[in-house]
Amino acid sequence: MSKRILLTSVCRPLGPEYGDAPSVGYELLYRQVLRAQGIFSPRTVNIHFGLEYIAENLDAPTVVLQYPSKRELIRELKKGYDYVGVSFLMAVMHKMKEVVALVRKYSPHSKIVLGGYGTVLKDEVLKPYGDYICREEGVAFFRRLLGEPEIPMPYKHPLIVSWLKVFGIKVSGTGKIFAGLGCPNGCDFCCTSHFFSRKHIKLLPGGKDIYAVVERYLDLDPRLVFLILDEDFLLNKKRAMEFRACVVKGGRELSIFAFSSIKAISQYTVEEILEMGIDGFWIGYEGTRSNYAKQQGRPAAEILKEFRDHGITVLASMIVGFDYQTPEVVAQEHDGLMQAKPALAQFLIYGPVPGTPFHERVIRENLLHDIYTTDKDLFYRRADGFRTMMKHPTLAPEQIEDLQRWCFEQDFHRLGPSIYRVLEARLLGYQKLKHSPNPLLREKAEYYATELRTAYPVFLAGRLLGPNAAIRRWIGALERRIHAELGRPTLRERGTSALAVGAALVTALTLKMNWFQHPKLIRTTYRLPEEHWSGFTIWEEFQRKITSPDFSIQVELQHAKQQVWMRLEGVLSTLDAEGLGERISESLARSRSRLILDLNKLHWDKTQDLRPLREKLAAHRSRIRLVLPKLSAAHPEFLLLASLFQHYQH
């Protein structure tokens, strides 16, 4: 019998009001990057997507819990699991201990696996809480632990979408693309680089593999934007340019946010970057005298200005607490960053994370403050980038923390809310690219224009509620500049602006009262027969049993939605259509699954008769949705299928 696996995050509630460190929560933007921006900070919940990724690629029945309450976790544990995996960061080690205690009480026969970047801690610290510790790529680790055969990369890629909200209103969905782990740059403070021993693990080895995931997301919802999760995505130029070639050939306008370094970016022209679909970057500004290898290349100020002029938004991260820094130096470095006008800025305190060269130096030179030497639990709890852990040559801990707060506040009060800074960059990009001789860049300009027009309703709230008079005037001037380019707002847009002000005020109230600040449990099952998701093994066998030299089938089990997505590609003969229809009909009869039948890549010009497919599937029409290609002339087979089955609605 297969082992049963439970993978979970730590339990909610999280946050400083519950005894956690200042940046601990469910959101990167609101809690950390835009922590001074209050109601103007976009909100999005970041799940432990590594758990979903591992679960997707196991053979064993698996359940994933994202942010369960203690009661919800206990209820799940009582169902009985052979292994329970717990993902955690060092700053929430105290919450990991709570989860482990619950596992041992309510599922005492379960083996506990600890994973995530919290496992940078040594065995002597972690062994009391886990039977196994995963300090490597998680799919290979778990398959080996369970005795499952090794599988090659690229692994199956789960489709995980997060929703971005402004003033509590959904504005966009982001598809997460897991392209790689680790980083060869090896900055002395970087946990993610040294966790994988400065190796880069390509989860998606080629550019074509990355683009294949993009296409799957676009099939799911063509309005999605994308986040490529790879520490320095552009460093491998061959892979990046292969991805660019796929994007250009695909002909679909993309909006991608990626992580990269000055060193990597300097290999490309801004046009090549835009042709990849990338219009947003996270870049390590760090400090002007930090001298990391990844900062070699073009001057950072030059790149940031060029990107902004072309509509590319930049999240620049700066470090406070380097040995060479004084209040005057921090102010100078901060001013240089402000002059470059990044759309978003993060300021973290230079901190020694176990497993990094900086931590080794701090321990070797006895630079850790005594309070953290004697109280390790306090060290773990405060290791979030907002506390001074080490002794500084000239600055007291309180001075460094005050400087960090000052950086965040100055960023907000000098440059204004980031949502408007993004829009200003998009306006500059539209003006720069709208008459470009490159048709791909003209398409990007049109994309920027659509973004700007959609954002019309947010300006009234900024003019009324901005942090100071100068910023409120700047927001009003930006609004007028956009109107001059794209037209005055309609009556409907004016009405929506008033509603946005109301939504902003409601957001302010919910923040003040700490209402609705915690996500609900997200529970996803993989290969686990449940009432509405039975018979999934039938579909796993489907692809192996249907073979044809003229067409191919891809079957994807979308566990979170409890549906099957089947893609057909090539030429479907009448005989093949009959056999395929019979097999699909049998599978639907034996399961309760919903089916998305994707015919987008079927060669319609060579497919003459799909009558057998229609007839075999007619009895299950209520559980089937079609994805059909856009045809310049209505193909008769297309019309017949469209009349029988409903289209897939995004």
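This passage walks through the overall build of a predicted model, then its pairing strands, a covered helix and the nonpolar cores.

The protein chain is made of 650 residues, and 56% of these count as buried. Its secondary structure comprises 26 helices and 20 strands. Placed along the principal axes, the C-alpha atoms occupy a box of roughly 80 × 65 × 50 Å. A compact globule of 650 residues would be expected to have a radius of gyration near 26 Å, and the value for the protein chain, 26 Å, agrees with that expectation. Contacts also reach across the sequence: among those with a separation of 6 or more, 72% join residues that lie 24 or more positions apart.

A convenient place to begin a closer look is the hairpin formed by strands β6 and β7, which has two residues between the strands. One residue in this turn, Phe167, has a positive phi of about 55 degrees. Strand β6 covers residues 161–166 and pairs with β7 in the antiparallel sense, over six bridges. Within this pairing, Lys165 has Lys170 of β7 as its bridge partner.

From β7 the path of pairing leads on to β10. Strand β7, residues 169–178, runs parallel to β10 and is joined to it by five bridges. Two of the partnerships can be followed by eye: Thr174 is matched with Val225 in β10, and Phe178 is matched with Leu229 in β10. Strand β10 in turn pairs with β11 (residues 256–260), again in the parallel sense, through three bridges. Here Phe226 stands opposite Ile256 of β11. Between β10 and β11 the chain passes through helix α9 (residues 237–250), and this β-α-β crossover is right-handed.

How much of strand β10 is buried? Spanning residues 225–229, β10 is mostly covered, with five of its five residues buried. The cover extends to both faces of the strand: Val225, Leu227 and Leu229 are buried on one side, while Phe226 and Ile228 are buried on the other.

Helix α8 is likewise mostly covered, as 11 of its 14 residues are buried. The buried positions include nonpolar residues such as Ile210, Val213, Val214, Leu218 and Leu220, but Asp209, Arg216 and Asp219 are among them too. The length of α8 can be checked with simple reasoning: at 1.5 Å a residue, its 14 residues should span 20 Å, and because the end C-alpha atoms are 20 Å apart, the expectation and the model agree.

The nonpolar interior completes the picture. The largest nonpolar core has 92 residues, and the members touching the most others are Phe142, Leu234, Phe281 and Phe307. Helix α8, residues 207–220, supplies the largest share of this core, seven residues. Apart from this core lies another, of 53 residues, including Val86, Val92, Met93 and Leu114.

Which residues does Phe307 touch, leaving aside those up to four places away in sequence? The list is Ile265, Val270, Ile273, Phe281, Ile283, Ile312 and Val314. One of these, Phe281, is itself named with Phe307 among the core members that touch the most others.

Conventions. Residues numbered from 1 in each chain as written. Predicted model: local features only at pLDDT ≥ 70, side-chain atom pairs only at ≥ 80, totals over all residues. Heavy atoms only, no water. Core = buried A, V, L, I, M, F, W, Y, C linked by side-chain atoms within 4.5 Å. Buried < 20%, exposed > 50% of the residue type's maximum accessible area, 1.4 Å probe, protein only. Helix = DSSP H or I, 4+ residues; strand = E, 2+ residues; numbered from the N terminus. Contact = heavy atoms within 4.5 Å. Pairing = 2+ DSSP bridges. Right-handed = clockwise from strand over helix to strand, strands pointing away. Expected span 1.5 Å × (residues − 1). Rg over C-alpha atoms; globule rule 2.2 N^0.38 Å.
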